[in-house]
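Here are my notebook entries on this structure, written up for the bench. Have a look at it with me first.

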Amino acid sequence: MPGRDPSRHMTDLYSPEIQLTRFRRRVLFAAALVLVAFGLLLARFVWLQVVMHDYYRTRAEDNRIALLPVAPNRGLIVDRNGEVLARNYSAYTLEIKPSRVADLEQTINDLAKLVNIEGRDRRRFRKLMDESRNFDSLPIRTRLTDEEVARFIAQRYRFPGVEVRARLFRQYPQIELGAHILGYMGRINRRDAERIEEAGSVDNYRGTDHIGKSGLEQSYESDLHGLTGYEQVEVTAAGRAVRVLSRTPPQQGNNLRLTLDAGLQRIVEQAFGDRRGALVAIEPSSGGVLALVSKPTFDPNLFVDGIDTASWDALNNSPDHPLLNRAIYSAYPPGSTFKPFMALGALTTGKRTPEQAIADPGHFDFGGHRFRDDKKGGHGMVDMHKSIVVSCDTYYYKLATEWGIDGIANFMSQFGFGSRSGIDINGESSGILPSPAWKKKRFRKPEQQRWYAGETVSIGIGQGYNSYTLLQLAQATATLANDGVMFRPHLVKYVVNPRTGARRAIEPQPIRTLDLKQEHIDIIKRALVDVNKTGTGARAFAGAPYESAGKTGTAQLYSLKGAEYKEAHVAERLRDHALFIAYAPADKPTIALAVLVENGGFGSQAAAPIARQVFDYYLLGSTPAGPAPEVTNAADGE
Amino acid sequence: MQLTANKWLRARSAVVSVLSSLDVPLLLITGALLGVATLVMASATADFDYRFDAHLVNLAVALSVMVVVAQIPPLRLMQLALPVYLIGVLLLVGVEMFGEVSKGAQRWLNIGFTRIQPSEMLKIAVPMMLAWYFHRHESQLRVRDFLVALLILAVPLLLIFHQPDLGTAILVLAAGMFVIFFAGLSWKLIIPVLVVGVVAIATVAAEGDALCAEGVSWPGFKDYQRQRVCTLLDPTTDPRGSGFHIIQSSIAIGSGGVFGKGWKEGTQTHLEFVPERHTDFIFAVMAEEFGLAGAVVLLVLYIALIGRGLMIAANARMLFSRLLAGAVSLSCFTYAFVNMGMVTGVLPVVGVPLPFVSYGGTALVTLCIGLGLLMSIEAQRRRRRER
């Protein structure tokens, strides 16, 4: 060490007094250091507790208080008479937060020792995990028994991230009744979540994990859902709620009062028996749907807590396609039920007078092709009235050829053929109203895009490219029954706020009045009445104490080139569809309908008896004993 | 009769002698601190009653140990210094070789009937040993003596640092350095070290972002130690891990305001946001429930305690007593400063308890031994004066 040697300095000047003085100086220095250090700490305390106090107080409050959503009760769905079609019930579910569980498989295995967890529960849970946001709480079991709840609660400490919760579930007490109308509920998946975000209702869906997936549950989701309430709770660092500080109660969703008559719907579903098909019944004066049936149907309760794969496959892969809504999605050729509208169009456009008659040889030849009538040898002299009552094809082959496709398409479109009716559930298809313009759009190749005059011939009897939904057919029938005043068909009569009782009516106004002459309408109506008195519908309506109007029809599936149609020889699935349109009472209609029985054969045989049961129930209140009988007289032709 | 009276008299004089060895100011200050501790502990352990009972047992044991140590005269303490130090170092070597690993550190030694943590006794043994060494070379202190002193300090320090136990290492280092400082280490050496230290801290604070970048390693530091410093510089980089502690304790203290939220009313404490709330972070509980007022009371009590200790040092007769008393007093300061500094987010989180307040029997016993030493030294001075 260069310079002065400190050791020498220390030894040389050593004396107890000097050493003590030096030591005391150092003690003072240390004391000063202590004060400075504590002064710095004090400054830090003041910074945190005085200067930044407001900031940290807010942070502490944010820590302490959590807003927990309280899901509202979903609105009820009741029929026009108040019969409950969809309601809620509370049940215990065992839920797992996958994000908080280390070994999911092991946890589920351990849980299975306490509560009954079957293979389908595990499969459903896997499926939910794939579909959901990963921080969700997902049910491994729903509808726990009280005993199972007690057993789990006793062991709960072993299962962090697993909870028993009381949840509201949707229930459809009428089981299959109106399943296609009500639709079903399912858990909110990613796509639903995106839609909720787009709609700006993310806040309102905190705490909700189910959403309407189809039918009214989907289309009236915003009404049914209600307003989510909030609970301000004090929570621990681990997120456990300690106490409730304040509560904003949720507001129950609005109830739907339907135009549907559950009793009628039940009669119709029963009338079909095991047969496939669809029926739409409408109140002509309002457009309210009284019954909308698609057979076979399904149990929407299966979907409530997540449908398992096996049930889903069974529904989805069934050759009968129970999930398909045949009333609004499937389109069929209307067959002879198209004829009254053709006749009305002929009168309106002046193509025919009622008295103008043709001689029917039993066939119509056009462009080297022979179009046959159902009745061998023909109907003789046929005027408009007779053409409808006996359902003469030749009359309409001729009419269509003379009128031309553009005129037909133009007239028919105002009845709603070929366009969606706008009914208040999703999944409607528009059907096909054939026209040269439609063909141009539908096909690619130029030779296919051309409209051939020969194609117009069978359009006249509701065949060819004609393809409409039962809903369109029912709406057209209702419009005719209502003398041309048209309503949008709808299922919901009004939406009710359960707290205030305030009602919001759906569609009370007609959407348009068709440009028709009353005398023309009356001519058609008289013919339709006679169909049920003396014509093709007479057997089905024999002895009815009310006057009804109708028209039978057959939708050909299988073209028998020139050969005679022998029902027994054709495979069941290739048989014609039986069709019937009708309304009653004839003078002041309160119900109009269209019904189709898939592969049912003639309309008079399979479809008209269903209409008879519907009218008997709706007008007379009589409940039939079983499915509608088949009337065995196919000889008349349709 | 005579015999029993004698017995009684002898017993009475024994009690008087025991009591006379106790220092009243120190007793009062410590009593106040322990009172505060008990109050805060009752709140911090609200959910664990058994912890509070254990705290009361710890208090009783520690105070008994203090009274016992206070009876040992400084000359006897000097005789004990070397053996205690050697046993301590041997035990540390034992830990190094056969120690039990828990939570990633090798700190415990199983001696058959119980587990001990030898590093704890070095907090006392090292300053005693150094004070004894300087006392022996009192008349001719040379540079060589300071080098020997550094060696005495370095051996146990490295062993503790290697366990690793950063908190204890800091306390042992501080205690040793205080002895060396009071023994008269040249200012020419002290000042540069202080300057380098301040510059180093300033550098870390200013260049924290670069030093804490991913993949940077600091020579001589374990990764978790580097992490602690980095977390301190910016707690938000690790809000779920160790940063959570600093953030939540800052919120607890800051939200306490001037007068606090009231006893047992601290939301951060009782809703379990404050980590280690009855041990290392108990100051956050105190500051949340009693506010700045409570924190100042605590600071004043510590200043009084340290002040009294330094006074005892300044008045002590022997160099050994002076050095030991000075080092013990400043050790209390180190505890208090490091703990409050880390809880308020100005120092890294190292395992240093708040003296006399944090839950934990070992630390409390060690501190009370220190108090006993101070009392023994003060008692010796009084007795000499009386003669």
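I began with burial: of the 638 residues of chain A, 44% count as buried. By that I mean 20 or more other C-beta atoms, placed from the backbone, within 10 Å of a residue's own (exposed is 12 or fewer, partly exposed is in between).

Before going on, I noted that this is a predicted model, where local features need pLDDT of at least 70 and side-chain atom pairs count only at pLDDT 80 or more, while totals for chains, interfaces and linings use all residues. Residues are numbered from 1 along each chain as its sequence is written, with chains lettered from A and ligands numbered from 1 in the order in which they are written.

Next I looked up the elements of chain A and found 24 helices and 25 strands. These are DSSP runs numbered from the N terminus (helices are H or I, at least four residues; strands are E, at least two).

Then I turned to the interface. I found 38 residues of chain A in contact with 42 residues of chain B, contact being C-beta atoms, placed from the backbone, within 7 Å. On the chain A side, α2(A) brings the largest share, 18 residues. I sorted that side into 24 nonpolar, 6 polar and 8 charged residues. For this, Ala, Val, Leu, Ile, Met, Phe, Trp, Tyr, Cys and Pro are nonpolar, Asp, Glu, Lys and Arg charged, and the others, Gly among them, polar.

Last, I checked confidence. The predictor gives the complex an ipTM of 0.92 and a pTM of 0.70. For chain B, the mean pLDDT (the predictor's confidence in each residue, from 0 to 100) is 87, and 93% of its residues reach 70 or more.

Note on methods
Two residues are in contact if their C-beta atoms, placed from the backbone, lie within 7 Å.
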